[in-house]
Amino acid sequence: MKIRFSLLRHLSRGGVLALFCALPWLNAAGMHGISGSLFALDIFGWPFGDPAALLQALAGGATPSVRLLWGVGSSLVLAFFLGRVFCGWLCPYGLFSEAAVALRGKAARRGTATGRTELFSRIAVLALGIGLVFCGYPALTALSFPGTLSLAPLMTFLDGPGRLLFDLLVFPGTVLLLEFLSGERLWCRFCCPQGLLLGAAAWLGARCGRLGRIWSLPVRWQAGSCSCKGEQPCGAVCTLRVQPRRKGGPDPLRCSRCGDCIQTCAGKGKALTWMR
């Protein structure tokens, strides 16, 4: 049976979105096993935190709590071992972003930017966000689209639908419109500070060799088994424009472990596989 990674990912991220939509009412009913948002999440006593939230606290002169440090550490350790699985399998914004690009269609996609261009762009956005925090504006919170989407249902529960419309339409909605018009996942590739920080942890895990692959499943390309000539369907299917046909596998800074390239690989010898 052929595994449909794209369907599994859509169901996974849709489930995350549905959970956060229901969470305020579940918590109000006394069910607190899962609480918080993607800024700071508690799963049956184990915290997970947004790494950018820690940077914002430090840049704003606040002393981060032990729980925030623990939560951010949990997120980075997860990325160290599993890569950017949050981006590919859990991020609710990624669900909307892929949908916007899919609605636009492949005909709108032109060329590609290098990984270095994307890296420098995201570093610049992160640096700008930190600079704005120094000036008193919590920019890194505003730049966290996953956190915004996960927190919007709670804000609606507390403040009414007006806050929901503001949180979703003013910034993420505008970016989604630009992604639809361009046919490119602009935010995830060029802006997202969370993706940059999780990608850095994933890159470190890949650099640590077997230690960083104890449980992870990075993609491996076997050139000798590849039967594609010219056209590369595995690269074309990646909405983040990561090239999987690369010695050592796709760039861990950019790869979200979505599995679409493996699913699409047409090589008889299965040139793209999960590395074990």
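This is a short dialogue on reading the features of a predicted model.

Trainee: Let's start inside. Which residues touch the most other members of the largest nonpolar core?

Mentor: The general idea comes first: in soluble globular proteins, nonpolar side chains tend to be buried together. In this predicted model, the largest nonpolar core has 22 residues, and Tyr 93, Leu 140 and Trp 187 touch the most other members. Seven helices, α2, α5, α6, α8, α10, α11 and α12, each supply at least two residues of this core. Helix α6 gives the largest share, three residues. Apart from this core lies another, of eight residues, including Trp 89, Val 219, Cys 234 and Leu 272.

Trainee: What is Tyr 93 in contact with, leaving aside its neighbours within four places in sequence?

Mentor: Look for Phe 145, Pro 146 and Leu 149, then Pro 172, Val 175, Leu 176 and Glu 179, and also Trp 187 and Cys 188. Tyr 93 belongs to α5, which spans residues 92-104, and Tyr 93 is one of the buried residues of that helix, along with others including Leu 95, Glu 98 and Val 101.

Trainee: How far does α5 reach from its first C-alpha to its last?

Mentor: The 13 residues of α5 reach 19 Å, close to the 18 Å expected at 1.5 Å a residue. Just after the helix comes Gly 105, with a positive phi near 95 degrees.

Trainee: Now the aromatic rings. How is a pair of aromatic rings described?

Mentor: By two quantities, the distance of the centres and the angle of the planes. This structure holds six aromatic pairs. In one of them, Phe 145 and Phe 171 are edge-to-face, with 5.2 Å from centre to centre and 80 degrees between the planes. The pair links distant parts of the chain, since Phe 145 is in helix α8 and Phe 171 is in the loop between α9 and α10, 26 residues apart. Phe 145 is buried at 0% relative accessible area, whereas Phe 171 is partly exposed at 33%. Both belong to one aromatic cluster with Tyr 93 and Trp 187.

Trainee: On to the strands. In which sense do β1 and β2 pair?

Mentor: A general point helps when you look at them: in a regular strand the side chains alternate between the two faces of the sheet. Here β1 (residues 34-36) and β2 (residues 40-43) are antiparallel, with three bridges. They form a hairpin with three residues between them, and Ser 35 stands opposite Asp 42. Strand β2 also runs antiparallel to β3 (residues 46-49), joined by four bridges, with Ala 40 opposite Gly 49.

Trainee: Which residue takes a positive phi in the hairpin of β2 and β3?

Mentor: Phe 44 does, near 50 degrees, in a hairpin with two residues between the strands. Phe 44 is not a glycine, and at 67% relative accessibility Phe 44 is exposed. Arg 241 is also not a glycine and has a positive phi of about 60 degrees. Arg 241 lies in the loop between α13 and α14 and is buried, with a relative accessible area of 15%.

Trainee: One last residue: is Glu 118 buried or exposed?

Mentor: Glu 118 counts as buried because its relative accessible area is 2%, and buried means under 20%. Glu 118 is in helix α6, and its side chain makes a polar contact of 3.1 Å with the side chain of Arg 254.

Conventions. Residues numbered from 1 in each chain as written. Predicted model: local features only at pLDDT ≥ 70, side-chain atom pairs only at ≥ 80, totals over all residues. Heavy atoms only, no water. Core = buried A, V, L, I, M, F, W, Y, C linked by side-chain atoms within 4.5 Å. Buried < 20%, exposed > 50% of the residue type's maximum accessible area, 1.4 Å probe, protein only. Contact = heavy atoms within 4.5 Å. Expected span 1.5 Å × (residues − 1). Pairing = 2+ DSSP bridges. Phe/Tyr/Trp six-rings, centres within 6.5 Å; stacked < 30°, edge-to-face > 60°. Polar contact = N/O pair within 3.5 Å; in protein donor to acceptor, adjacent residues only side chain to side chain.
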